Amino acid sequence: MKKSIIILASLLAGVAVLSAHDMFLKLTSFYLAPNSKATVALYNGTFDKSENVISRDRMLDVSIVGPGSERAQQDTSQWRDFGTTTLLDIQTGGPGTYVIGVSTKARIIELSGKEFTDYLVHDGVLDMLEIRKKNGISGDTARELYSKHVKAVVQVGDARSDAYKVKLGYPIEIVPLQNPYALKVGELVYSSYAGFHGHDDKGEHVNAIETRTDANGIAKLKIEKAGQWFVRLIHMEEIAGKENHNYESNWATLTFEIK
């Protein structure tokens, strides 16, 4: 049975606490000058802190799509490590909207029943949590095959283009239906899911708004504040008949900035 959780979150002043499962593409500013150098950071952990670098052999695809929707696949040797963060230096071309994408190979992780339950609760995969409870297997060990597929939409110069809606062909990916850089505070953004992300007094993440997508996989949320935003999606499926794992999940994020 296929289950997924989708969350839309605003990150103002870079404040966020998420599980160490998440991966994001980050820039100091998502607004870049034409024909200039910039550095893209790959965070594996939270939006604020990367827990570890990503080895190059895990990267199945690294792509940059420019304003003409041309796709340039990047050699993984172009990445460099800085502490626990993996960095990619890029050179922008002419003005337009760009997309940067990274897709990783699948890995297997084994968790005890309690660890898997805590993980499902923390990351909001509540449908799968309920299935395990209903089937009486909450205490059973879980072996999960997971992979991550992340994208960032950046704006170079003033002219906007349609690269934001290019599909990179990842197992799962988030594709905006509107150019984020054509939006202003107070307008609606359409995506493949919605749910505002906030924190309680203890710093734990909570969802002020959480909705289901419609039959076409579309939802909308009002952009109420300026700042850096991310969209986060987890698709999890229970698998039968596999020798090495009994769950499969694909994780996706999309990052952008609203002035």
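The legends below describe an overview and close-up views of a predicted model. Residues are numbered from 1 along each chain as its sequence is written. Local features need pLDDT of at least 70 and side-chain atom pairs count only at pLDDT 80 or more, whereas totals for chains, interfaces and linings use all residues.

**View 1. The chain as a whole, with 2 helices and 17 strands.** Helices (H or I, at least four residues) and strands (E, at least two) are DSSP runs, numbered from the N terminus. Of the 259 residues in the chain, 50% are buried, meaning under 20% relative accessible area with a 1.4 Å probe and protein chains only.

**View 2. Helix α2, residues 126-134, and the glycine that comes just after α2.** Met128, Leu129, Ile131 and Arg132 are buried in this helix. Seen down the axis of α2, the buried residues fall within an arc of 160 degrees, so they line one face of the helix; the arc is that of the directions from the helix axis to the C-beta atoms. Just after α2, glycine 136 takes a positive phi of about 70 degrees.

**View 3. Strand β17, residues 247-258, and its pairing with β11 and β16.** Because 11 of its 12 residues are buried, β17 is largely enclosed by the rest of the structure. Strand β11 (residues 142-156) pairs with β17 in the parallel sense over 9 bridges, where two strands pair if DSSP finds at least two bridges between them, and alanine 152 stands opposite threonine 255 in β17. Strand β16 (residues 227-238) pairs with β17 in the antiparallel sense over 12 bridges, and histidine 235 stands opposite asparagine 250 in β17.

Methods
Heavy atoms only, no water.
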